[in-house]
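Biologist: I'm new to this one, so could you take me on a close look at a single part, the nonpolar core, and then show me what sits around it?

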Amino acid sequence: MRRLIASVFISLDGVIQGPGGPEEDRSGDFQLGGWVAPYADPRIGENLQDLISEPFELLLGRRTYDIFAAYWPHVPAEAPSHALAERFNRVPKHVATHRPDGLAWRGSRALAGALGAAVHELKQQPGDAC
């Protein structure tokens with residue numbers, strides 16, 4: 001059985017929306033996008049490096065998929081995040097969505113059926129951690 005590992009940026013008061021940048025996710029009139037950057041420290045990078053140093057696949061909700069797909073395939077070679085972009089672009093991506101159309105990012109596929117059952121099935125398959 002493959003492992004399911006959750007890597008989430010979450011504030012002490014439970015905010016997970018828009019950690020990356022001010023325009024990342026304005027839904028619900030959210031005005032605090034980019035809240036992680038002022039608090040970033042080397043441990044965040046170390047944790048992320050540990051996670052991606054092992055084989056993995058991505059399990060994403062549709063909103064996160066759309067944000068990632070708009071960013072990671074377009075990271076320039078000279079950008080500091082290019083190595084991470086290359087990893088994300090190569091691995092399989094499993095997407096929880098009711099709109100399976102438009103999953104153009106290479107290696108993306110929509111989970112089929114009810115979400116709980118689809119994730120359970122994904123965990124039963126051979127493969128890397130998600």
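Modeller: Happy to. Keep in mind that this is a predicted model. The largest nonpolar core has 15 residues, and the ones with the most contacts inside it are Phe56, Leu58, Tyr65, Trp72, Phe88 and Trp105. Three elements give two or more residues to this core: strand S1 (58–61), H2 and helix H3 (82–90). H3 gives the most, with 3 residues. As background, nonpolar side chains in soluble globular proteins tend to be buried together.

Let's zoom in on Phe56. Leaving aside neighbours within four places in sequence, Phe56 is in contact with Leu51, Arg87, Phe88, Val91, Asp128 and Ala129. One of those, Phe88, is also on the list of core residues with the most contacts. There is another core too, lying apart from the largest one: this other core has 5 residues, among them Leu111, Ala118, Val119 and Leu122.

Now for the charged side chains. The model has 5 salt bridges by the count used here, and H2, which we just met as a contributor to the largest core, takes part in some of the pairings below. Start with Arg63 and Asp25, whose side chains meet in a salt bridge at 3.9 Å, N to O. This pair links distant parts of the chain: Arg63 is in helix H2 (residues 62–71), while Asp25 is in the segment before helix H1 (42–53), 38 residues apart. Their surroundings contrast as well: Arg63 is exposed, because its relative accessible area is 52%, whereas Asp25 is buried, with a value of 12%.

H2 also holds Asp66, which lies in that helix while Arg99 lies in the loop between strand S2 (93–96) and strand S3 (108–110), so the pair ties together parts that are 33 residues apart in sequence. What joins these two is a salt bridge, with the closest N and O atoms 3.7 Å apart. Asp66 counts as partly exposed at 31% relative accessibility, and Arg99 is partly exposed too, at 45%. Shared partners go on to join Arg62, Asp66 and Arg99 into one network of salt bridges.

Last, have a look at Arg26 and Glu23. They form a salt bridge as well, with the closest N and O atoms 2.9 Å apart. Arg26 counts as partly exposed at 33% relative accessibility, while Glu23 is exposed, with a relative accessible area of 61%.

Terms used
Residues numbered from 1 in each chain as written. Predicted model: local features only at pLDDT ≥ 70, side-chain atom pairs only at ≥ 80, totals over all residues. Heavy atoms only, no water. Salt bridge = Lys/Arg side-chain N within 4 Å of Asp/Glu carboxyl O. Buried < 20%, exposed > 50% of the residue type's maximum accessible area, 1.4 Å probe, protein only. Helix = DSSP H or I, 4+ residues; strand = E, 2+ residues; numbered from the N terminus. Core = buried A, V, L, I, M, F, W, Y, C linked by side-chain atoms within 4.5 Å. Contact = heavy atoms within 4.5 Å.
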